Amino acid sequence: GTALRLLFKMLFSSSQVGDPRPGQPYKGGNFCAFLPDNREGQKTAMLLKKAFEYGLTFQIKSCNGEERVTWGLIPHKTSWDGGKARSGYPDAQYLREVCTVL
């Protein structure tokens, strides 16, 4: 089938109150996620967009003394294949699971 590809470009910036080390610079990055291009996938894309707008998609984590942007608690499919174990498809339960989280 066909896929919707969601692209997120997170810029380098400084962390804010509530982040692990407020005021510290952090590394951004490019993030990509996939959804099936069907009615349910498009509905999920809109919910993920709202979650992004509310700042729920990513978090800042400290890794080896360096702050960096990582995926937050909302599960994303970062591969079109490889199955559930590799954050990919096929995963028959994913859309239901992610909509429950959202």
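## Sheet and strand pairing

In this predicted model, four strands make up an open sheet whose order is 2-3-6-5, and the pairing within the sheet is mixed. Its edges are formed by strand 2 (13–14) and strand 5, each of which pairs on one side only.

Strands in a sheet are held to each other through backbone hydrogen bonds, in either a parallel or an antiparallel sense. Strand 5 and strand 6 run antiparallel and are joined by six bridges. One residue that can be followed across this pairing is Lys61, whose bridge partner in strand 6 is Arg68.

## Aromatic pairs and the cluster

A pair of aromatic rings is described by two quantities, the distance between the centres and the angle between the planes. With ring centres required to lie within 6.5 Å, the count for the model comes to ten aromatic pairs. In one of these, the rings of Phe8 and Trp71 have centres 5.8 Å apart and planes at 90°, and because an angle over 60 degrees is classed as edge-to-face, this pair is edge-to-face. Phe8 belongs to strand 1 (residues 3–10) and Trp71 to strand 6 (residues 66–71), so the contact ties together parts of the chain that are 63 residues apart in sequence. The two partners also fall into separate accessibility classes: Phe8 is buried, with a relative accessible area of 11%, whereas Trp71, at 22% relative accessibility, counts as partly exposed.

Trp71 takes part in a further pair, with Phe58, in which the ring centres are 5.0 Å apart and the planes stand at 25°, so the arrangement is stacked. Since Phe58 lies in strand 5 (residues 58–63) and Trp71 in strand 6, this pair ties together parts that are 13 residues apart in sequence. Phe58 counts as buried, at 14% relative accessibility, the cut-off for that class being under 20%. Phe8, Phe58 and Trp71 are among the members of one aromatic cluster, which also includes Phe31 and Phe52.

## Lysine positions

Two further lysines can be placed in the model. Lys77 lies over the face of Tyr89, at 5.9 Å from the ring centre, and the distance limit applied to such a contact is within 6 Å.

Lys43 is located in helix 1 (residues 39–53), and at 53% relative accessibility Lys43 counts as exposed, since that class begins over 50%. Between Lys43 and Asn30 the separation is 13 residues in sequence, and their C-alpha atoms are 23 Å apart in space.

Key: Residues are numbered from 1 along each chain as its sequence is written. This is a predicted model: local features need pLDDT of at least 70, side-chain atom pairs count only at pLDDT 80 or more; totals for chains, interfaces and linings use all residues. Side-chain values use heavy atoms; hydrogens and water are left out. Rings of Phe, Tyr and Trp (its six-membered ring) pair if their centres lie within 6.5 Å; planes under 30 degrees apart count as stacked, over 60 as edge-to-face and the rest as tilted. Helices (H or I, at least four residues) and strands (E, at least two) are DSSP runs, numbered from the N terminus. Buried means under 20% relative accessible area, exposed over 50%, partly exposed in between (1.4 Å probe, protein chains only). A charge sits over a ring if NZ of Lys or CZ of Arg is within 6 Å of the ring centre and within 35 degrees of the ring normal. Two strands pair if DSSP finds at least two bridges between them.
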